[in-house]
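Biologist: Before we go through the contacts and the interface, I would like every term to be set against its cut-off. Could you show me the model and begin with the ligand?

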Amino acid sequence: MNRVRAAAPQLAGLVPYDPKYLPAEAFLSANENPRDVDGELRELIGRRIAKVPLNRYPDPLAGGLRDMIAEANGLDRDHVLIGNGGDELLFNLALAWGGPGRTCLNFPPTFSVYAANARLTNTAVVDIARTEDFSIDEEAAFERLAVGDIDYVIVASPNNPTGLRCPQAFIERLLDATDALVMVDEAYFEFSRQTARPLLATHENLVILRTFSKAFSLAGVRLGYILANPAVIREFVKVRQPYSVDAVSQAVGEVVFEHRARFEPGIREIIEERGRVAEALRATPGIVPFPSDSNWILLRMEDAGEAWEYLYEHGVLVRDFSATPLLEGCLRVTMGTPEQNDRFISLLRAFVAERGSRRAQAARD
Ligand code: PMP
């Protein structure tokens, strides 16, 4: 067989993104909504999809959905762009503002896709590690920005996987301190109830990312969007694939967005569960939960890898971050239904108790 020459050098040694999705009874690993779109809404979606012409290319910029999102945010359509999930728009950011000779500022531990996209596009990454409590080292960030070579910055608010939103005052100071494009990733803003949206009026260098995958139960459909000033949107339009948002997804998104108020009780339930689960974790010896403004809780414990195995053997899949730098001993659990959360708590407590008795036994032996 003839040989193939090597792929682009930036791919050497690169490990593809792995969501670590395994079969389980309770999926508490991917920050999805535990409740699927309800039956009535599915019916409406089905009827709308039945009318979608499948032989025609979709509207490239998803005009219908774009207008609905613009109106809901008090903006014109030229301030909005729809993408094939937030992930596509994150990649577009690296294509449009990154590239060889360009640099992004990143605040790990954070969503790993940011650094991966930089690497794929030959963008240099400057990491400023978060402090012990996972807040951004603000002074280090301003000092680094003052050098003047940063082309874009990504701040997740709330930050995945650590959980807390970013103080609004910092975002404002950041936007004032630089002309770099600042992306505020608000994938989980429906659970934190805080948005940088008011700052769009005064800052051309702000872009806000949101998704339908979390609060709106549409992770399977792939819809995300950005809000930004028209000059920024125009650059994103240049790098996107023309038909990345298919006609069926556009139709689903329109129905769901029109009926978005229906998701409010589910969002409230998740926020309440977050409080209840955090309290149960705090009351469990050896478990340290971190505060969260999102739909998951990060926790630290001894033997986190073993705990992950134990949970998984008993049907509960959570995300193991214990091998990630700065997240040693950490697991992330997405808020499920109250029943799933109860199951998670009782399994984790059983693990801690079994380990305790194993240790006591070992001490006696
Ligand atoms: N940003 C953050 C912080 C996320 O956690 C995710 C999903 N894991 C995304 C963006 C992208 O989500 P999606 O592509 O499903 O819209």
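Biologist: What makes the approach of the ligand to the side chain of Ser-213 a polar contact?

Modeller: An oxygen atom of the ligand lies 2.6 Å from an N or O atom in the side chain of Ser-213, and a polar contact is a pair of N or O atoms within 3.5 Å, where within protein one must be able to donate a hydrogen and the other to accept it, and residues adjacent in sequence count only if both atoms are side-chain atoms. The distance of 2.6 Å therefore meets the definition. For the side chain of Tyr-188 the value is 2.6 Å, and for that of Thr-211 it is 2.6 Å. This is a predicted model, in which local features need pLDDT of at least 70 and side-chain atom pairs count only at pLDDT 80 or more, while totals for chains, interfaces and linings use all residues. Residues are numbered from 1 along each chain as its sequence is written, and side-chain values use heavy atoms, with hydrogens and water left out.

Biologist: Which residues are the closest of those that surround the ligand?

Modeller: Of the 13 residues that surround the ligand, each with a heavy atom within 4 Å of it, the closest are Gly-86, Asp-185, Tyr-188, Thr-211 and Ser-213.

Biologist: Why is the pair of Glu-264 and Arg-193 called a salt bridge?

Modeller: The term requires a side-chain nitrogen of Lys or Arg within 4 Å of a carboxyl oxygen of Asp or Glu, and the side chains of Glu-264 and Arg-193 meet at 2.8 Å, N to O, so the pair qualifies. The rule finds two salt bridges across the interface of domain 1 and domain 2, and the count by this rule comes to 24 salt bridges.

Biologist: Why does the pair of Arg-262 and Asp-38 tie together parts that are apart in sequence?

Modeller: The side chains of Arg-262 and Asp-38 form a salt bridge at 3.0 Å, N to O. Arg-262 lies in the loop between helix H9 (247-258) and H10, and Asp-38 in the loop between strand S1 (26-27) and helix H1 (39-50), so the pair joins parts that are 224 residues apart in sequence. Helices (H or I, at least four residues) and strands (E, at least two) are DSSP runs, numbered from the N terminus.

Biologist: How many residues of domain 1 and domain 2 are in contact?

Modeller: With contact meaning heavy atoms within 4.5 Å, 26 residues of domain 1 touch 27 residues of domain 2. An automatic or database assignment gives domain 1 as 19-34 + 263-356 and domain 2 as 49-261.
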